Amino acid sequence: MKEMTYRDALRLGLQESMQADPTIVILGEEVGRYGGAYGVTKGLLQEFGEDWVRDTPISEEILVGAAVGAAMTGLRPVAELMYVDFITLAMDQLVNQAAKIRYMFGGQISVPMMLRSQGGTGRSAAAQHSQSLEAWVMHTPGLHLAMPADATDAYVLIKHALTLADPVIFLEHKGLYAQSFPFNPESAPPWGRAKISRSGNDCSIICYSRMVQRSLEAAAQMAELGVQVEVVDLRTLHPLDMETVTKSVRKTGRVLVVTEDCLTAGVSAELSARITEENFEYLEEPVLRMAGEDIPIPVAPALEAASVPTNESIKQSILKLMRKK
């Protein structure tokens, strides 16, 4: 099977979408000549020109505001923030403008824009460049939220997102860009559907983004101990595919939610509550959560690594869930 890096899959998805739709424009800090903070837009300026791939000043609020305005007037902008941590500077444009305009104008105007950014740990980029802020986005009605875990989903999700009529926040993981994956777009579920990345009957892990890869590695280790773990990759957090989650939960009866997001009031809390409410009589054990520590992300590599779930800590939580510890 063909393999592709996460970065190249994103670039291919953008390239093909721009070739098909001349209203798609890319704007952001160093997206042109430099090719983006992590190289995703490299080469697109040379292919499409400065009218379609435009470098902007370092002003996240103006960048996102310009994207909102451009979307309202007929373009389909893709705005790139170097780090998701900087989304704080543009939250008014996203939460009070992009997410609400369709509703506030009676459906007469929509905002078909995408905000691309990346988050997570793994590069010792410290507390202001390593956060996982998806819970902030997930909390806001009106914003789609995609978080691909492999190259195939990076490609198919970004292509589909660039056909939607409403704003999409597309969060990539800095730890995945250089990683190669099997690339098979025909195998991908449709937008809004989760996928079973590994099938099992003993317990379910519900996860997304880089935690899918770590959960798969932990599940492979557990198989050697005779425990078959099912790994569910959510792929999109809005829409959230509770149907696939529920099927897995009712099959295994034991659930571990794994996120890189902080524990307190994070995505894991929302998922755990929904799973419990909708599957109470099917659960053999209380739902467990594994999430990032409630701390600013440390710059020291060892401390940074310890601040989020690891293969080993996921494995230990599975053992606890199975009462094998």
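## Pockets, cavities and contacts in a predicted model

The largest pocket holds about 260 Å³ of space. The model is a predicted one, and this opening is a friendly place to begin a tour of its empty spaces. Lining the largest pocket are 21 residues, and those closest to its centre are Gln131, Ser132, Leu133, Asp261 and Cys262. Helix H6 (134-138) and strand S13 are the elements that give two or more residues to this lining, and S13 gives the most, with 3 residues. By class, the lining of the largest pocket divides into 10 nonpolar, 7 polar and 4 charged residues.

The second largest pocket offers about 210 Å³ of space. Its lining is made of Ala135, Met138, His139, Leu237, His238, Leu240, Ala265, Gly266, Val267, Ala269, Glu270 and Arg274. At least two of these residues come from each of H6, strand S12 (236-238) and helix H10 (267-279). H10 gives the most to the lining of the second largest pocket, with 4 residues. Sorted by class, this lining has 7 nonpolar, 3 polar and 2 charged residues.

Now for the enclosed spaces. The count comes to 2 cavities of 30 Å³ or more. The largest cavity has a volume of about 110 Å³. Its lining consists of 18 residues, and Ser132, Glu134, Met147, His173 and Ser209 lie nearest the centre of the cavity. Strand S7 (168-173), helix H8 (210-224) and strand S13 (255-262) are the elements that give two or more residues to the lining of the largest cavity. Ser132 is thus a residue to look at twice: it is among those nearest the centre of the largest cavity and among those closest to the centre of the largest pocket.

The second largest cavity has a volume of about 50 Å³. Around it are Ala37, Tyr38, Val40, Glu80, Leu81, Met82, Arg116, Ser117, Gln118, Glu172 and Tyr177. Strand S5 (residues 114-119) gives the most to this lining, with 3 residues.

Here are the four spaces side by side.

| Space | Volume | Lining residues by class |
|---|---|---|
| Largest pocket | about 260 Å³ | 10 nonpolar, 7 polar, 4 charged |
| Second largest pocket | about 210 Å³ | 7 nonpolar, 3 polar, 2 charged |
| Largest cavity | about 110 Å³ | 7 nonpolar, 7 polar, 4 charged |
| Second largest cavity | about 50 Å³ | 6 nonpolar, 2 polar, 3 charged |

Two residues of the second largest cavity, Tyr38 and Tyr177, also bring us to the aromatic rings. The model has 5 aromatic pairs by the rule used here. In the pair of Tyr38 and Tyr177, the ring centres are 5.0 Å apart and the planes stand at 20 degrees, so the pair is stacked. Tyr38 sits in the loop between strand S2 (24-28) and helix H2 (44-48), and Tyr177 in the loop between S7 and strand S8 (180-182), so the pair ties together parts that are 139 residues apart in sequence.

Next comes a helix pair. Helix H3 (residues 60-72) packs with helix H4 (residues 91-98) at an angle of about 25 degrees, and their axes are 8 Å apart. Angles under 35 degrees count as roughly parallel, and H3 and H4 are therefore roughly parallel to each other. From H3, the residues Glu61, Val64, Gly65 and Val68 meet Gln93, Leu94, Gln97 and Ala98 of H4. By class, this contact has 4 nonpolar, 3 polar and 1 charged residues.

The backbone has two spots that deserve a look. Most residues other than glycine have a negative phi, and most peptide bonds are trans. The peptide bond from His238 to Pro239, by contrast, is cis, with omega near 5 degrees. Pro239 is placed in the loop between S12 and helix H9 (242-252), and His238 is one of the residues that line the second largest pocket. The other spot is Ser124, where phi is near 50 degrees, a positive value in a residue other than glycine. Ser124 belongs to the loop between S5 and H6. S5 is the strand that gives the most to the lining of the second largest cavity, while H6 is one of the elements that give two or more residues to the lining of the largest pocket.

Conventions:
Residues are numbered from 1 along each chain as its sequence is written. This is a predicted model: local features need pLDDT of at least 70, side-chain atom pairs count only at pLDDT 80 or more; totals for chains, interfaces and linings use all residues. Side-chain values use heavy atoms; hydrogens and water are left out. Axes are lines fitted to C-alpha atoms, for helices over the stretch in contact, and angles run from 0 to 180 degrees between N-to-C directions. Angles under 35 degrees count as roughly parallel, over 145 as roughly antiparallel, 65 to 115 as roughly perpendicular and the rest as oblique. Contact means heavy atoms within 4.5 Å. Ala, Val, Leu, Ile, Met, Phe, Trp, Tyr, Cys and Pro count as nonpolar, Asp, Glu, Lys and Arg as charged, and the others, Gly among them, as polar. On a 1 Å grid over the protein atoms alone, a cavity is a set of points where a 1.4 Å probe fits but cannot get out, and a pocket is an open set with protein on both sides within 12 Å along at least five of seven lines; lining residues have an atom within 4 Å of a point. Grid points are joined across faces, edges and corners, and a volume is the space filled by probe spheres set on the points. Rings of Phe, Tyr and Trp (its six-membered ring) pair if their centres lie within 6.5 Å; planes under 30 degrees apart count as stacked, over 60 as edge-to-face and the rest as tilted.
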